[in-house]
Amino acid sequence: MSHSRIQLSVQDEHVVMDNGILQVTISKPDGIVTGICYNGIDNLLEVLNEEENRGYWDIVWSPEGSTGTTGTFERIKATTFKVILEAKEQVELSFSRTWNTSLEGKLAPLNIDKRFVMLSGSSGFYSYAIYEHLKEWPGFNLDETRIAFKLRKEKFHYMAIADNRQRYMPLPDDRLPGRGQELAYPEAVLLVNPVEPEFKGEVDDKYLYSCDNKDLKVHGWICMDPLVGFWQITPSNEFRSGGPLKQNLTSHVGPTNLAVFLSAHYAGEDLVPKFQRGEPWKKVFGPVFLYLNNILEGEDPCLLWEDAKKQMMIEVNCWPYSFPSSEDFQKSTQRGNVSGRLLVQDRFASNDPLPASCAYVGLAPRGDVGSWQRECKDYQFWTTADTSGNFSITNIRTGDYNLYAWVPGFIGDYKSDVPITITSGLICSRCKIETGDLTYQPPRDGPTIWEIGIPNRSAREFYVPDPNPNYINKLYTIHLDRFRQYGLWERYAELYPQNDLVYTIGQSDYRKDWFFAQFNRKKDDSTYQGTTWQIKFELDSISTGGNYKLRVALASAAQAILQVRVNDQNTENSPLFSSGLIGKDNSIARHGIHGLYWLFNLDIPSTLLVSGSNTINLTQANGTSPLQGLLYDYIRLEGP
């Protein structure tokens, strides 16, 4: 790459950054990316769109006291432009807007400063933003914020999210009436007369391409003529809400490329930050890197994806970046590290503590056990322990935290009793905290009588049926993510037309006999009813010295009511346990295999059990919609 001086051209209505590799045009003072010129293509962005609908930051917000996850969509338009830095090796631009009371009810009560950075010799550009809410301002809900890029539809047809999630994509025209048929909700469209016949009969839905935060580091699009890649690289998850398992959108038909920082997807209203009057708040989102690459005609287009992954690792290893000019973005010397070892003490698994192999260990704002998965205002920092349970969390912003963890293979959540405060270090020193050995004692009362599934916060190990052949996405027909198909909720009643699922301990296999989700049953009159699953098991004798314990871990709940009855087939009788109405993560409709995690620990009096045959009934009692239901993670019965 050349390392020529960056040229900055400030015009009446636009600003142009040019480092000799690419040229980026941004509207002034709005701060909308209107053009990206690269490798002989005059504009990678959709020239058929209005300039404000090409590359932009946006938010969805609602007034204080609002409920739900929707609100007013606002494409963020700045009112002030400023050159922050203009040097041979770097240009940084600011496009900001300042809120005042005259804007109440019109714009979200936020000061927003959008930054764009170009470095010499870099085949791309960076963007980040600082959001600030002052304490004297009205409260509001921030339902979503992200960056979106709309690419040229005649050029970018191939999308890549992961090594095994890549494909040629339909055109946006294929989703329009006449070519596409809307299904149960607007995002899902059956392609009935697409421009390219190869897509006929497929379902297109942007949620088919969602991804966990922990896996969402690079994704994008490939143009085949010339061979050019457009990639969005997120080097850190610290500014994303909800922790490593929170799911977000990636790229989808448009061709659209997203960097989602905050959303309620796969979580519901629990992941909507709600700010009150009198509550000050400031957060830096990003930077993210918009990376461009190219190869010669005749070379394998997959090389573009491989190169994008290499560039992603370069960006990850450079985090936190040294170049952002904003003092709100903390540099490496201002941050701290926390390291230690996590052990698991389950006396019914081992007499000695076991290493918390591959545990997810993180710092998040102080709260209750497990509160990290619903935390959505501040920063989180996560890592994965090695097979010995050793962990190291690096580059933590200053602040007050708790240390949280969860361990694959064990139920529940860990929270350290000792709060952690990260302070800013000196020039050549940073805050380093060594926790030593920490021990997690997962919920356990007695020995395991039986168990179903694997405690991994997912329903992936259970039976996922083939999709209806009339509603498929070809990417997932032979794929590990079999659950990413439209309409699987209808397949339950087709496979269980008369009676609900019965699982017999010692005979059934959860990989084949436990349906991945407890759906409602569609009746002949096209209404729905709740379902009751039975777990049948034998007890040679009953221990009368105490209660039995039933552990029910859920991987997702969508407007569901879980009721548990023991040796009682009558769903009209009062249940032993009822969860009440829980969950709004919508994982069923969004083709997810997990959402927010729930754990219920139920005492079963020994008087409810008998020597011989017993049955536990699990009823999903809210039966008004096909999209309501439960995804189980793991179920265990313990003796006294």
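**Definitions applied to a predicted model**

Guide: Three strands form an open sheet in the order 14-15-16, and the pairing is antiparallel. The model is predicted, so local features require pLDDT of at least 70 and side-chain atom pairs count only at pLDDT 80 or more, whereas totals for chains, interfaces and linings use all residues. Residues are numbered from 1 along each chain as its sequence is written, and side-chain values use heavy atoms, with hydrogens and water left out.

Visitor: What makes strand 14 and strand 15 a pair?

Guide: Two strands pair if DSSP finds at least two bridges between them. Strands themselves are DSSP runs of E with at least two residues, helices are runs of H or I with at least four, and both are numbered from the N terminus. Strand 14 and strand 15 (residues 189–191) are joined antiparallel over 3 bridges, so the criterion of at least two is met. Within this pairing, Glu-182 stands opposite Val-189 of strand 15.

Visitor: Why do strand 14 and strand 16 stand at the edges?

Guide: Strand 14 (180–182) and strand 16 (203–204) each have a single partner strand, so one side of each is left without a neighbour in the sheet.

Visitor: Why is Ile-161 called buried?

Guide: Buried means under 20% relative accessible area, exposed means over 50%, and partly exposed lies in between (1.4 Å probe, protein chains only). Ile-161 has a relative accessible area of 4%, and therefore it is buried. Ile-161 belongs to strand 12 (residues 156–162). Leaving aside neighbours within four places in sequence, its contacts (heavy atoms within 4.5 Å) are Gln-166, Tyr-209, Val-218, His-219, Thr-250 and Trp-305.

Visitor: What makes Asn-39 and Ser-526 worth comparing with the usual backbone geometry?

Guide: Most residues other than glycine have a negative phi, and most peptide bonds are trans. Phi of Asn-39 is near 50°, and phi of Ser-526 is near 70°; each is a positive value in a residue other than glycine. Asn-39 lies in the loop between strand 4 (33–38) and strand 5 (55–63), and its relative accessible area of 33% makes it partly exposed. Ser-526 lies in the loop between strand 37 (521–522) and strand 38 (528–529), and at 47% it too counts as partly exposed.

Visitor: Which peptide bonds preceding Pro-255 and Pro-287 are cis, and what are their omega values?

Guide: The bond from Gly-254 to Pro-255 is cis with omega near -10°, and the bond from Gly-286 to Pro-287 is cis with omega near 5°. Pro-255 is in the loop between strand 21 (251–252) and strand 22 (256–262), whereas Pro-287 is in strand 24.

Visitor: What makes a group of residues a nonpolar core?

Guide: A nonpolar core is a set of buried Ala, Val, Leu, Ile, Met, Phe, Trp, Tyr and Cys residues joined through side-chain atoms within 4.5 Å. By this rule the largest core has 107 residues, and Ile-36, Tyr-131 and Leu-342 have the most contacts inside it. Its largest share, 8 residues, comes from strand 24 (residues 281–294). A second, separate core of 59 residues includes Trp-450, Ala-459, Phe-462 and Leu-637.

Visitor: How do you know that strand 44 is largely enclosed?

Guide: In strand 44 (residues 629–638), 10 of the 10 residues are buried, so the rest of the structure largely encloses this strand. Strand 34 (residues 448–453) pairs with strand 44 antiparallel over 5 bridges, and Glu-451 has Arg-636 as its bridge partner there. Strand 40 (residues 548–566) pairs with strand 44 in the antiparallel sense over 9 bridges, with Leu-550 opposite Leu-637. Strand 36 is joined to strand 44 by 2 bridges, also antiparallel.

Visitor: What makes a space a cavity, and how many are counted?

Guide: On a 1 Å grid over the protein atoms alone, a cavity is a set of points where a 1.4 Å probe fits but cannot get out; lining residues have an atom within 4 Å of a point. Grid points are joined across faces, edges and corners, and a volume is the space filled by probe spheres set on the points. The count comes to 4 cavities of 30 Å³ or more. The largest holds about 110 Å³, and of its 15 lining residues the closest to its centre are Leu-245, Lys-246, Gln-373, Gly-595 and Leu-596. The second largest has about 70 Å³.

Conventions. On a 1 Å grid over the protein atoms alone, a cavity is a set of points where a 1.4 Å probe fits but cannot get out, and a pocket is an open set with protein on both sides within 12 Å along at least five of seven lines; lining residues have an atom within 4 Å of a point.
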